[in-house]
Amino acid sequence: MAEYTCNVAATSNTSTNTDDIFIELKAAASTTLLLKRVRATSHATTPADNEVQIRVTRNSAATAGSGTAYTPLKRRQSSPAATVTGLVKNGATALALGALTDTPIRASFNQRGAFEWIARDKDDYIECVAAQYIEIVIQCSAASQLISVECDWEE
């Protein structure tokens, strides 16, 4: 299977403790998406001991907001083009959740630190079936904080 990655650096919501999608992945009609890794860090110029909550959600519908389309990066250059499509957060523009199905990951970390989830093996991958969505959602206890989110998947 081919492996791909996506990353974004954007500003958290202008309202504290408000969910904001940073990355939305949509599995193609004939593809199963297998999420392997998620990482979130903050590189704010004035970091503080703020709480950052990260959630990985599976959704049955896309966000109603407007993000920026992205081209998934191939881990191996000889891989075929990705069939997964989606959006990344556009700067400071809010991007609200789609129709939530479930939440496989919910964690919090200090803004001075980092969060990383790596699947232990193939049995630990988070699966998203055809035509469904995975959203990586950030919520910060301080408004307008610069946060980077990246993820890796197979399809």
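Here a trainee and a mentor talk through a predicted model.

Trainee: Let's start with the sheet. In what order do the 6 strands of the open sheet run?

Mentor: The pairing in this open sheet is antiparallel. At its edges sit strand 5 (68-69) and strand 8 (99-110), each pairing on one side only. Reading across the sheet, the order is 5-7-2-11-4-8.

Trainee: How many bridges join strand 4 to strand 11?

Mentor: Strand 11 covers residues 133-140, and 6 bridges join it to strand 2 (residues 20-26). Strand 4 covers residues 51-61 and runs antiparallel to strand 11. Glutamine 53, for instance, has glutamine 139 of strand 11 as its bridge partner. For strand 4 and strand 11, the number of bridges is 8.

Trainee: And which residue in strand 11 is the bridge partner of isoleucine 23?

Mentor: Strand 2 and strand 11 run antiparallel. Glutamate 24 stands opposite glutamate 135 in strand 11. For isoleucine 23, the bridge partner is isoleucine 136.

Trainee: How many residues of strand 11 are buried?

Mentor: Side chains in a regular strand alternate between the two faces of the sheet. In strand 11, Tyr133, Glu135, Val137 and Gln139 point one way, while Ile134, Ile136, Ile138 and Cys140 point the other way, and all are buried. The strand is largely enclosed by the rest of the structure, because the buried count is 8 of the 8 residues.

Trainee: Cys140 makes me think of disulfides. Why is cysteine 128 too far for a bond with the closest cysteine sulfur?

Mentor: A search of the whole structure finds 0 disulfides, and the sulfurs would have to lie within 2.5 Å to count. Cysteine 140 is in no disulfide, with the nearest cysteine sulfur, that of cysteine 151, 20 Å away. Cysteine 128 is also too far for a bond, because the closest cysteine sulfur, again in cysteine 151, is at 11 Å.

Trainee: On to the rings. What is the centre to centre distance for phenylalanine 109 and phenylalanine 115?

Mentor: The whole structure has 2 aromatic pairs. Phenylalanine 109 and phenylalanine 115 are both buried. Their pair counts as stacked, with 25° between the planes, and the centre to centre distance is 6.4 Å.

Trainee: Which ring does the charged end of lysine 89 sit over?

Mentor: To count as sitting over a ring, the NZ of a lysine has to be within 6 Å of the ring centre. The charged end of lysine 89 is 5.7 Å from the centre of its ring, and that ring belongs to phenylalanine 22.

Trainee: Now salt bridges. Is arginine 55 buried or exposed?

Mentor: Arginine 55 meets aspartate 19 in a salt bridge (2.6 Å, N to O). Arginine 55 lies in strand 4 and aspartate 19 in the loop between strand 1 and strand 2, so the pair ties together parts 36 residues apart in sequence. Aspartate 19 counts as partly exposed at 25% relative accessibility. Arginine 55, at a relative accessible area of 7%, is buried.

Trainee: Last one: which residues do salt bridges that share partners join into one network?

Mentor: The whole structure has 14 salt bridges. One of them pairs glutamate 116 with arginine 39 (3.4 Å, N to O). That pair links strand 9 (residues 114-118) to strand 3 (residues 33-42), with the two residues 77 apart. The network is made up of Arg37, Arg39, Arg75, Glu116, Glu150 and Asp152.

Note on methods:
Residues numbered from 1 in each chain as written. Predicted model: local features only at pLDDT ≥ 70, side-chain atom pairs only at ≥ 80, totals over all residues. Heavy atoms only, no water. Pairing = 2+ DSSP bridges. Helix = DSSP H or I, 4+ residues; strand = E, 2+ residues; numbered from the N terminus. Phe/Tyr/Trp six-rings, centres within 6.5 Å; stacked < 30°, edge-to-face > 60°. Buried < 20%, exposed > 50% of the residue type's maximum accessible area, 1.4 Å probe, protein only. Lys NZ or Arg CZ within 6 Å of the ring centre and 35° of its normal. Salt bridge = Lys/Arg side-chain N within 4 Å of Asp/Glu carboxyl O.
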